[in-house]
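Please walk through the following model, starting with its nucleic acid surfaces and ending with the way its protein chains meet.

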There are 2 protein chains.
Amino acid sequence: MRQNVTVKTLAKELNISIGTVSKALNDSYEISIDTKQKVLELAKKLKYERNPAASNLRSQKTKTIAVIIPQIANNFFSLAINGIEEIARKRGYHVLIYLTHENSETETAFTESLLSGRVDGILISVSSSTENLEHFRELVKKIPLVFFDRSIEDIDAIKITADDYESTYDATVHLINNGCKKIAYLYALNCLNTGKRRIAGYRDALKDHQLESGENLIVNHNSDEDLNYENIKNLIVNQKPDGVISSIEELALPCYYVCNELGLKIPNDLKIISFSNLSTAPLLNPSLSTITQPAFEIGREAAGFLFKILDKKPFDMDEIPKLKSTLIKRDSTGPL
Amino acid sequence: MRQNVTVKTLAKELNISIGTVSKALNDSYEISIDTKQKVLELAKKLKYERNPAASNLRSQKTKTIAVIIPQIANNFFSLAINGIEEIARKRGYHVLIYLTHENSETETAFTESLLSGRVDGILISVSSSTENLEHFRELVKKIPLVFFDRSIEDIDAIKITADDYESTYDATVHLINNGCKKIAYLYALNCLNTGKRRIAGYRDALKDHQLESGENLIVNHNSDEDLNYENIKNLIVNQKPDGVISSIEELALPCYYVCNELGLKIPNDLKIISFSNLSTAPLLNPSLSTITQPAFEIGREAAGFLFKILDKKPFDMDEIPKLKSTLIKRDSTGPL
DNA sequence: TTTATTTACGAATACGTTTTAGTAAAACGC
DNA sequence: GCGTTTTACTAAAACGTATTCGTAAATAAA
């Protein structure tokens with residue numbers, strides 16, 4: 001399917017050179033208003049569409065960004081993409097999606113392949129199993145890249161995140177204020193900044209309130225869902241916590257199922273709060289208290305900063321916002 | 001950021017021609033095994049990555065497909081993308097995402113711009129406001145395109161859908177069997193095949209069981225959420241239905257809120273069933289009975305057929321599957 | 001008027017790849 | 001042995017655009 005109408009077509013039709021057409025289409029100052037109009041008119045009439053491949057090749061720009069995320073069937077990432085797309089579209093950029101499925105090798109393969117010049121920049125929320133630190137260190141030197149939500153330690157790149165530490169701290173305090181004495185933590189993203197900051201908020205809140213802590217109150221997230229269920233069940237049965245903080249949405253729902261199975265009443269027997277962007281949180285039985293990240297905003301900001309880099313606009317590192325999560329108190333942490 | 005290592009680099013290093021290198025990389029029969037090995041080795045060593053723009057330009061193929069969907073913060077579409085991505089990745093294809101936000105003009109603009117050769121094919125689930133029938137008729141002539149879930153009447157293209165008619169019929173019967181005498185319908189996608197088939201299933205089921213029907217039992221979906229809420233509330237207050245079928249997930253949740261507000265008990269006062277891929281349906285209060293579409297499968301199948309077209313593999317129209325939705329009975333339609 | 005500057009354009013090249021056409025050399029057939 | 005085919009390669013053109021450099025004409029400055 002060869003392209004039917006190209007700059008050549010337009011040039012021939014108007015009896016001007018190809019270069020002139022190209023410049024006219026790009027609104028170059030070298031071209032008279034008259035000529036520009038003629039070209040634009042004909043282009044519209046013949047439905048000329050610039051060939052992206054040729055344009056990319058010549059200009060070494062693609063007007064395309066890549067979004068690399070662990071999963072997409074997840075409200076947080078869906079919303080973030082929404083934010084990214086909004087900004088990208090305003091700029092006339094195209095958005096490529098890559099799903100790592102939380103797999104570190106897949107992630108590396110994607111980023112490697114993107115170095116060929118397929119995209120102008122990358123937005124990435126790294127996979128939970130990421131251990132390829134060196135890889136990322138090299139990567140950010142080679143291509144404009146912005147991390148969002150899930151990022152990596154000690155790496156010189158822009159990271160758009162929410163207030164993971166503070167919000168987890170506040171959530172823990174919320175449980176404490178509502179009477180919890182023994183608060184368990186469902187620990188995910190433990191390789192990442194994100195995960196470490198969250199658990200730090202939990203730990204510090206416990207310490208500040210002289211509450212029991214310890215490794216046996218912590219359940220590590222596993223990629224096997226059934227195992228997560230078992231681990232949570234064991235935690236609840238053996239440790240009998242009266243509160244649970246889930247650092248990711250995926251671990252909160254198993255808690256509900258475990259309580260159903262064990263005949264425990266939420267919030268009376270166990271209070272639950274979770275990081276979550278679930279739209280149905282208010283409708284759960286009981287409604288789920290959440291730490292809700294500004295997913296859409298995170299996407300927008302990340303895209304915004306990527307474009308600042310692409311535009312070579314100078315900016316201060318302290319312009320980078322730390323977005324605020326919202327603590328939404330519902331029945332799952334309600335008073336007895 | 002000019003590319004550092006190209007076919008030229010490899011050719012010079014190995015003292016062979018550019019053409020030979022290119023052919024070796026493409027595993028051409030014209031090249032000896034010896035040479036191929038040398039080239040591949042060096043390519044790997046120097047981390048050569050083929051320049052996509054140049055490759056696309058010359059070969060007129062992009063190894064990229066576009067996915068055009070109305071929204072992404074929606075379980076159905078997220079899951080479908082998952083399916084699409086799986087197939088695309090297996091084939092080494094890249095996936096561009098375009099969100100129409102249910103806007104017909106945006107949709108048209110996207111598809112128009114994709115005719116420039118940016119992608120090899122398109123997967124689309126059309127926006128609910130689509131009225132640009134002619135546009136699509138022209139479009140499918142110009143580029144390989146597969147509709148999924150939401151499609152358009154009388155158009156000669158592959159459409160991957162679920163059994164909309166049958167599943168709505170069955171859901172209606174399910175309500176009837178559970179004692180409903182007056183069943184309302186929340187009508188969405190009324191411009192599309194999808195919507196029409198769903199409501200037909202509802203209407204036929206009512207007719208077959210000699211139950212009351214009529215326009216005042218039907219609420220049309222609106223893009224304004226608040227208005228939807230009001231309309232549903234009015235329906236429930238004025239018509240006092242004992243059952244509701246929601247043709248999209250977005251209208252089921254307002255039902256819950258309305259019942260909460262009016263103090264109606266689900267399922268005793270009102271039974272609800274909805275098209276939905278919500279993972280939290282079992283945890284709602286009460287758990288929501290759903291018609292669950294095989295979203296992931298739909299994505300896979302759609303991508304699969306697009307690739308069949310791209311491969312110019314011949315196939316019969318009756319190979320195109322109509323995928324089965326699952327009727328999941330939960331408490332919201334439970335017996336009194 | 002003469003010279004300098006600006007305006008508006010064209011010719012040509014480059015981007016990096018793929019592919020066509022052509023061709024020595026090797027292998028084969030008889 | 002000679003002619004034919006096959007093998008393995010090269011040179012060159014093409015994909016469609018963007019950009020550099022050059023220049024004739026128009027305008028401004030002197």
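The model is predicted. The residues of the surface near DNA strand D divide into nine nonpolar, 13 polar and seven charged. There are 29 residues around this strand, and those that come nearest are A:Thr6, A:Gly19, B:Ser17, B:Gly19 and B:Thr20. Both chains take part: α1 (7–14), α2 (18–25) and α4 (52–59) of chain A each supply at least two residues of the surface near DNA strand D, as do α2 (18–25) and α4 (52–59) of chain B.

DNA strand C is surrounded by 29 residues, of which A:Gly19, A:Thr20, B:Thr6, B:Gly19 and B:Ser22 are the closest. Here α1 (7–14), α2 and α4 of chain B each give at least two residues to the surface, together with α2 and α4 of chain A. By class, the surface near DNA strand C holds nine nonpolar, 13 polar and seven charged residues.

The two protein chains also touch each other. In chain A, 37 residues are in contact with 37 residues of chain B. On the side of chain A that touches chain B, two or more residues come from each of α4, α5 (75–90), β2 (94–99) and α11 of chain A. The largest share of that side, six residues, belongs to α5(A). The side of chain A that touches chain B is made up of 19 nonpolar, 13 polar and five charged residues.

How are the two copies related in space? Chain A is superposed on chain B by a rotation of 180° with 0.0 Å of shift along its axis, at an RMSD of 0.0 Å. That is the relation of a two-fold axis. Of the interface residues of chain A, 100% are also interface residues in chain B, so the copies meet through the same surface.

Helix α11, which contributes to the side of chain A that touches chain B, also packs within its own chain. The axes of α10 (residues 225–239) and α11 (residues 249–262) of chain A come within 9 Å and cross at roughly 55°. The two helices are therefore oblique to each other, and the crossing of α10(A) and α11(A) is right-handed. From α10(A), the residues A:Asn228, A:Tyr229, A:Ile232, A:Lys233 and A:Ile236 meet A:Leu251, A:Pro254, A:Cys255, A:Tyr257, A:Val258 and A:Leu262 of α11(A). This contact has nine nonpolar residues, one polar and one charged.

Note on methods. Residues numbered from 1 in each chain as written. Chains lettered and ligands numbered in written order. Predicted model: local features only at pLDDT ≥ 70, side-chain atom pairs only at ≥ 80, totals over all residues. Near = placed C-beta within 6 Å. Helix = DSSP H or I, 4+ residues; strand = E, 2+ residues; numbered from the N terminus. Nonpolar A, V, L, I, M, F, W, Y, C, P; charged D, E, K, R; others polar. Axes fitted to C-alpha atoms, helices over the stretch in contact; angles between N-to-C directions. Parallel < 35°, antiparallel > 145°, perpendicular 65-115°, else oblique. Left-handed = near helix turned anticlockwise from the far one by under 90°. Contact = placed C-beta atoms within 7 Å. Least-squares fit on C-alpha atoms with pLDDT ≥ 70 in both.
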